[in-house]
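Here's a walk through the core of this fold, one strand and helix at a time. Have the model open beside you and follow along.

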Amino acid sequence: MKKLLLHILIVACLFFVMDRVLGMGLGYLYSISNATDEYKISYTNESTEDSLLFMGSSRCLHHYAPLIFEKELGTSCYNAADWGIKNIYFHYGTLGNILSRYTPKTIIFEVHPCDFQDTPYSGKERAGSLAPYCGMSKECDEMLKRSGNYWSYQLSWVYRYTGSLPSLLAGKMGNMDRSLKGWKPLDGVLDTLGLESEEYPFPPDQERIDLLERFIKDCKQKNIQLSLIVSPMYICSEKDVYRIPRELAAKYQIPFIDHYRDSTFVGHPELFYDLGHLNRKGAEIYSRKICEELKR
């Protein structure tokens, strides 16, 4: 019996060591990957020390060109947004990791309905993208616990990278231009045939609202100049989609920069790639417009 237990212990130790070694190897591949998710998440959590950060989901990723902000405002800038309907669970965990390393001077957070509504296809599981950074901050760990996989990530370092294996096995393959400092421009012009406004008929989600409020509080506690922002849509809903973040901004006396119905962009297909995303030309015009507002 003792011999059997000893063999089991040896095998368990071997698996543990193998998991840690493979996990470190995957972590290295993750850090050098040029695929959008892996590059954006690794650089944001590990490396960026820029004074101005943009955070949010795909609309933020495609709409804010850091090089324009650096030129116009004379400050370092990085677009830390990521696509894939990332929501407040992901953003709050990311904020915790960033603040565990340094304190940016300014954060501009592009809010999306998935940050305060019970939207489908974008729940707590979005925090799972932060699996490689399990243990980096208490905020990140809290979001991973809510996603349901925290203890699995603690047990296995390899498991933290399972969602990224296709990208990691492809090596540095990817189409992120790192010189653009996190911005991913879209080239193309909107096809307007049959388009209708994107509606958000989903109920408020108090858990997400509470996290959005905690995001604001954490920034204020660190004396970060936080602004909530909404960029233009090609066609806008008639409803007051962004009432909740607007009210939170007013409560905490931070700017709410609303370009949702900006006539410079709304209804101009030449400035859009699809219904909700500006193309390269539109994003450059929009970025310069935001620069002027930030100067004021």
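Strand β3 is covered on both faces: Thr106, Ile108 and Glu110 sit on one side, Ile107 and Phe109 on the other, and all are buried. Buried here means under 20% relative accessible area, with exposed over 50% and partly exposed in between (1.4 Å probe, protein chains only). Put as a count, five of the five residues of β3 are buried. Helices (H or I, at least four residues) and strands (E, at least two) are DSSP runs, numbered from the N terminus.

A word on the source: this is a predicted model, in which local features need pLDDT of at least 70, side-chain atom pairs count only at pLDDT 80 or more, and totals for chains, interfaces and linings use all residues. Residues are numbered from 1 along each chain as its sequence is written, and side-chain values use heavy atoms, with hydrogens and water left out.

Now for the neighbours of β3. Five bridges join β3 to β4, and the two run parallel; Ile107 has Leu226 as its bridge partner in β4. With β1 there are four bridges, again parallel. Along that pairing, Leu52 is partnered by Thr106 of β3, and Met55 by Phe109. Two strands count as paired if DSSP finds at least two bridges between them.

β1 also pairs with β2 (residues 77–79), running parallel with three bridges, and there Leu52 stands opposite Cys77. In a regular strand the side chains alternate between the two faces of the sheet. In β1, Leu52 and Phe54 point one way while Leu53 and Met55 point the other, and all are buried.

What packs against this region from the helical side? Helix α9 is a good place to look: its buried residues pack against β1 (52–55), α5 (88–101), β3 (106–110), α6 (138–147), β4 (225–230) and α10 (243–251). Those buried residues are Arg208, Ile209, Leu211, Leu212, Glu213, Phe215, Ile216, Asp218 and Cys219. An α-helix has 3.6 residues a turn, so residues three or four places apart point the same way.

The length of α9 checks out too: its 16 residues (206–221) should span 22 Å at 1.5 Å a residue, and its end C-alpha atoms are 22 Å apart, which agrees. The expected span is 1.5 Å times one less than the number of residues. At its N-terminal end, α9 is capped by Asp205, with a side-chain oxygen 3.0 Å from the backbone nitrogen of Glu207. After the helix comes Asn223, whose phi is positive, near 60°.

Helix α6 has its own buried set, namely Glu139, Cys140, Asp141, Met143, Leu144 and Ser147. The cover over them includes α5, α7 (150–155) and α9. Following α6 is Gly148, with a positive phi near 100°.

Three hydroxyl-bearing residues are worth picking out. Contact in the table means heavy atoms within 4.5 Å, and neighbours up to four places away in sequence are left out.

| Residue | Relative accessible area | Contacts |
|---|---|---|
| Thr44 | 1% | Tyr78, Ala80, Thr94, Ile98, Arg101 |
| Ser227 | 8% | Ile107, Ile108, Phe109, Pro255, Ile257 |
| Ser58 | 18% | Asp82, Trp83, His277 |Thr44 belongs to helix α2 (residues 36–46). Its side chain reaches the backbone oxygen of Lys40 at 2.7 Å. Ser58 is found in helix α3 (residues 58–63), and its side chain makes a polar contact with the side chain of His277 at 2.8 Å. A polar contact is a pair of N or O atoms within 3.5 Å; within protein, one must be able to donate a hydrogen and the other to accept it, and residues adjacent in sequence count only if both atoms are side-chain atoms.

Ser227 lies in strand β4. Gln253 is 26 residues away from Ser227 in sequence, and their C-alpha atoms are 9.7 Å apart.

Which residues line the largest cavity? They are Asp240, Val241, Tyr242, Arg246, Asp258, Tyr260 and Arg261. This cavity holds about 30 Å³ of space, and the count comes to one cavity of 30 Å³ or more. A cavity is a set of points, on a 1 Å grid over the protein atoms alone, where a 1.4 Å probe fits but cannot get out; lining residues have an atom within 4 Å of a point. Grid points are joined across faces, edges and corners, and a volume is the space filled by probe spheres set on the points.

Note on methods
Polar contact = N/O pair within 3.5 Å; in protein donor to acceptor, adjacent residues only side chain to side chain. 1 Å grid on protein atoms, 1.4 Å probe; cavity = no way out; pocket = protein on both sides within 12 Å on 5 of 7 lines; lining within 4 Å.
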